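Student: Please take a close look at one part of this structure, the nonpolar surface patch, and then work outward to the strands around it and to the side-chain contacts elsewhere. I would like one connected account.

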Amino acid sequence: MNFTSKSQGSNLLTQEDKMFNSVNDMPTPIGTIDELMEDGDTSARPYKVFIGHNLGNRSFLMSVPMRDFFSISQVANERAANGAPLAQRPLNEEHASKLAIYILKGLVSSAIKRRQITKQPESQALNELQQYLGPQPYLAIQPIVVNIRNCNPDGANIAGSRMSTKDEETACFKVMLSQRDILWVVDGQHRRKAMELVFKFLDDVRMYQKYPKKGSLYVAAAGQDVPPAALQAWHECLEVASAFCTVMVEVHLGLNVDQERQLFHDLNNLAKKVEKSLALKFDTSNPVNRFIKEVLLDDILGWDDVQDKDSTDWHDDNGIWSYKDIVAVNAHLFLNKTNISGATPALVDPKVELATKFWQGVKNIQGFGEPGAKTKTVVAQPVVVKALAKLAFDFAFGKRRGLMADKHLQTLLDGIEKFNFSHDNPVWQYYQMTEEERIQNNIHGLRDYLPSDDEGYNRDIGKYDPSTGWMRFGAKHNDIYPIVGDIIRWSLGLPRRGQKETSEDILNALMDS
């Protein structure tokens with residue numbers, strides 16, 4: 001890529017002059033790019049780029065259709081002789097699959113937007129796809145960072161020409177990239193893999209006119225035939241990926257493996273990670289998040305000032321939880337998971353009615369949500385509500401619901417407000433008591449519901465402090481909430497965890513129905 005300054009006309013600059021101003025060692029303004037080169041390639045295609053100097057290093061910024069980018073790029077994650085990665089970490093398939101659903105959602109949104117721009121009538125099929133995948137206010141993919149390995153660091157062996165413009169100071173050029181000029185992905189391998197999954201899904205749907213049974217990005221109809229209207233909608237998604245939807249690419253030139261590694265490290269380690277509560281608070285694409293913001297916080301709890309972090313000082317507790325804890329409880333309630341990733345409207349919407357009843361019951365528990373709530377009731381500790389949410393999901397949607405499940409669910413919902421969630425309820429102290437003390441407090445029956453506390457098992461769910469009268473549950477929520485759930489089961493007369501229905505239970509259920 002031979003550059004000339006405006007003042008020198010067509011005279012070639014030296015390699016050093018091309019890169020830096022000889023007076024103050026600053027990056028020089030770009031002049032022109034030679035249109036023809038002796039080692040030209042008939043496979044070369046033109047790409048519009050802006051040329052800049054990222055911390056003094058010459059680079060391109062280009063915008064290309066998503067499918068074009070996929071076809072001209074590869075991932076720099078090959079392995080050296082000793083098996084060590086050269087420039088990339090191993091691919092995480094699960095993360096790539098989640099990104100693929102996000103990209104597919106973006107293509108559906110783009111197809112709808114393109115119809116609006118071109119004045120075409122609305123597509124009901126596209127709207128239905130968007131509703132299933134989940135609408136959100138904005139979708140975008142961050143720029144992908146790549147390296148062209150087989151060129152000089154200043155791009156001197158890449159052909160191109162200045163774009164004609166009235167602005168003489170423009171840095172916009174048309175460069176010619178051939179099949180040998182592979183864009184090696186330095187940062188963005190999961191985005192590229194996600195694109196591959198999306199294109200395979202769209203190609204398979206168009207070719208076989210049937211949704212894949214396994215690994216489908218459209219789980220709602222896995223294994224089913226694709227209706228003609230939906231087939232046309234998916235075809236439009238592929239069209240926008242080939243022309244309308246573009247990807248921003250920052251192209252570095254002639255980096256060696258050590259430089260690629262350094263760039264990968266800097267891009268992935270110098271940025272400050274966003275706190276989880278803040279990230280969840282900003283995300284309105286997830287349907288569980290939408291329920292929290294639009295229904296739970298506004299209509300039920302009335303919490304305006306949701307915390308970014310949990311309050312550890314119980315004397316300074318205003319009763320309002322951190323957003324992270326609110327999300328965690330709803331993950332159990334809606335998805336039977338510890339997080340809300342992968343939630344779709346199809347999974348969430350049918351459960352909104354139950355979730356509303358559940359949270360209305362929790363709100364009515366004495367002391368919940370009030371200033372100093374943690375000192376007044378154990379239900380102010382999220383692990384207890386996680387236990388309740390898990391029970392609600394199991395009785396309402398669990399795989400082993402049984403004929404009595406509806407009755408058990410109603411018993412749970414009715415019992416939420418009546419249950420003794422005070423700190424001095426002896427059930428919380430079961431593992432701290434001797435067998436004699438359990439008999440004295442009439443809680444020895446819990447033995448049949450709770451895991452064994454024999455030596456060698458850790459049943460430390462928390463500690464009751466007699467000096468304050470507070471029961472503090474531990475931090476290992478995933479170990480603790482199932483045991484708290486067992487305590488609630490016993491207290492409300494619900495079946496033990498994993499207990500099978502007897503013939504008498506089935507007969508009672510049939511008589512009730």
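Tutor: Phe50, Leu61 and Met248 make a nonpolar surface patch of about 260 Å². The model is a predicted one. Within the patch, Phe50 has a relative accessible area of 49% and is therefore partly exposed, since the exposed class begins over 50%. Phe50 belongs to strand E3, which covers residues 45–54.

Strand E3 has antiparallel pairings with two strands. With strand E8 (residues 172–177), E3 shares 6 bridges, and the two run antiparallel. Phe50 itself stands opposite Cys172 of E8. With strand E4 (residues 57–65), E3 is likewise joined by 6 bridges in an antiparallel arrangement. Here Val49 has Met62 in E4 as its bridge partner. In a regular strand, side chains alternate between the two faces of the sheet. The hairpin of E3 and E4 leaves 2 residues between the strands, and Leu55 in this hairpin takes a positive phi near 50°.

Next, the charged pairs. Over the whole structure, a search finds 20 salt bridges. Side chains of opposite charge can pair when their charged atoms come close. One of the bridges joins Glu196 to Lys193, with 3.5 Å between the closest N and O atoms. Both residues sit in helix H5 (residues 189–208), and because they are 3 residues apart there, about one helical turn separates them. Glu196 is partly exposed at 32% relative accessibility, while Lys193 is buried, at 17%.

Another bridge is formed by the side chains of Arg447 and Glu435, at 2.2 Å from N to O. Glu435 is in helix H16 (435–440) and Arg447 in the loop between H16 and strand E11 (462–465), so this pair ties together parts that are 12 residues apart in sequence. Arg447 is partly exposed, with a relative accessible area of 43%, and Glu435 is partly exposed at 30%.

A further bridge has the side chains of Asp486 and Arg497 meeting at 2.4 Å, N to O. Asp486 lies in helix H17 (residues 477–492), whereas Arg497 lies in the loop between H17 and helix H18 (503–512), so parts 11 residues apart in sequence are tied together by the pair. Asp486 counts as buried, at 1% relative accessibility; Arg497 counts as partly exposed, at 47%. Arg67, Asp203 and Arg206 are joined into one network by salt bridges that share partners.

Then the rings. A search of the whole structure finds 19 aromatic pairs. Among them is the pair of Phe358 and Trp359, which is edge-to-face, with centres 5.7 Å apart and planes at 90°. Phe358 and Trp359 are both buried. Ring pairs also link Tyr132, Phe201, Tyr211, Tyr218 and Trp234 into a cluster.

Charged side chains also lie over ring faces. Lys351 lies over the face of Phe397, at 5.1 Å from the ring centre. Arg472 lies over the face of Trp314, at 4.0 Å from the ring centre.

To return to the patch: Phe50, one of its residues, is a partly exposed residue of strand E3, and the partner opposite Phe50 in E8 is Cys172.

Notes:
Residues numbered from 1 in each chain as written. Predicted model: local features only at pLDDT ≥ 70, side-chain atom pairs only at ≥ 80, totals over all residues. Heavy atoms only, no water. Phe/Tyr/Trp six-rings, centres within 6.5 Å; stacked < 30°, edge-to-face > 60°. Buried < 20%, exposed > 50% of the residue type's maximum accessible area, 1.4 Å probe, protein only. Lys NZ or Arg CZ within 6 Å of the ring centre and 35° of its normal. Patch = residues over 30% accessible without salt bridge, like charges linked within 9 Å, V, L, I, M, F, W, Y side chains within 5 Å. Areas by Shrake-Rupley, 256 points an atom, 1.4 Å probe, with all protein chains shown as cover. Salt bridge = Lys/Arg side-chain N within 4 Å of Asp/Glu carboxyl O. Helix = DSSP H or I, 4+ residues; strand = E, 2+ residues; numbered from the N terminus. Pairing = 2+ DSSP bridges.
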